[in-house]
Amino acid sequence: MVQHIKGGLIVMYMIPQEYTNQYLECFNSFLNDIRLPRPEKGTATTWAKFIEASCYYMEDIARRSIVAFLEKMDREFKYSRERIEQYYIKYTRPRTLITMCGEITYNRTVYINKSTGDRYVYVDRKMGLVPYIRYTPDVRAYALAAYSDENSMIKVGKELGELIHCKFSIHAFDSHPI
């Protein structure tokens, strides 16, 4: 966990320290390459590469944080008194979702209600995730709003793909010279 003191409160982020260290090393090596006092001048793409690397780094941290949070929530319920009293464990399996910060895959446990025999997935139910739907509610809402403006699912799909997979990339400007 990463802790920061903010206004007298300790804020704990659900980012495992190993991921934070690994990505900070990678990101810092990129930054050091730019920061080194060398006489050569930066190019027109130096700033763009810096922003692109920052975006990828932050999105990856966001995806890993979401996965760590969901899996922690699942583990806490799995060993809770309420779960033990009401549900049997059926199995644990991965689920892949498409979120606004990219694709994530997390492990979650499927339970069977002891009294009704119904299937229950705590994490999915708690987070409002619809069974068998890969797109998260925010992505579906964005697609619906974009469709009402564009009136073309092909355009909306392309727009969503660009937005989700890369918010900023210097390659997006290849066909649009400045």
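This is a short tour of a predicted model, stop by stop.

**Stop 1: the sheet**

Select residues 87-99, which make up strand 3. Add residues 102-113 for strand 4, and 119-120 for strand 5. These 3 strands form an open sheet, in the order 3-4-5, with antiparallel pairing. Strand 3 and strand 5 are the edge strands, and each of them pairs on one side only.

**Stop 2: from strand 3 to strand 4**

Stay with strand 3 and strand 4. Their antiparallel pairing runs over 12 bridges. Pick Tyr 87 and look across to strand 4: its bridge partner there is Asn 113. Now follow the chain between the two strands. A hairpin of 2 residues joins strand 3 to strand 4.

**Stop 3: from strand 4 to strand 5**

Move on to the next pair. Strand 4 and strand 5 run antiparallel and are joined by 2 bridges. Select Ile 112, then Arg 119 in strand 5, which is its bridge partner. This pair of strands also forms a hairpin, with 5 residues between them. Click on Gly 117 in that turn: its phi is positive, at about 80°.

**Stop 4: the helix across the sheet**

Select residues 46-78, helix 2. Helix 2 lies across strand 3, strand 4 and strand 5. Its direction is at about 10° to strand 4.

**Stop 5: Lys 78**

Zoom in on Lys 78, which belongs to helix 2. Is Lys 78 buried or exposed? Lys 78 counts as buried because its relative accessibility is 16%, and the cut-off for buried is under 20%. Show its neighbours next. Lys 78 touches Arg 83, Ile 89, Thr 92, Thr 109 and Tyr 111, leaving aside residues up to four places away in sequence. Take Thr 109 from that list: Lys 78 and Thr 109 are 31 residues apart in sequence, yet their C-alpha atoms are 7.7 Å apart.

**Stop 6: the largest core**

Which residues have the most contacts inside the largest nonpolar core? They are Tyr 106 and Tyr 122, in a core of 13 residues. Helix 2, strand 3, strand 4 and helix 4 (122-127) each supply at least two of its residues. Helix 2 gives the most, with 4 residues. Select Tyr 122 and show what surrounds it. Beyond residues up to four places away in sequence, Tyr 122 touches Met 73, Phe 77, Thr 109 and Tyr 111.

**Stop 7: another core**

Finish at a core that lies apart from the largest one. This one has 7 residues. Select Val 139, Ala 143, Leu 160 and Ile 164, which are among them.

Notes: Residues are numbered from 1 along each chain as its sequence is written. This is a predicted model: local features need pLDDT of at least 70, side-chain atom pairs count only at pLDDT 80 or more; totals for chains, interfaces and linings use all residues. Side-chain values use heavy atoms; hydrogens and water are left out. Two strands pair if DSSP finds at least two bridges between them. Contact means heavy atoms within 4.5 Å. Axes are lines fitted to C-alpha atoms, for helices over the stretch in contact, and angles run from 0 to 180 degrees between N-to-C directions. A nonpolar core is a set of buried Ala, Val, Leu, Ile, Met, Phe, Trp, Tyr and Cys residues joined through side-chain atoms within 4.5 Å. Buried means under 20% relative accessible area, exposed over 50%, partly exposed in between (1.4 Å probe, protein chains only).
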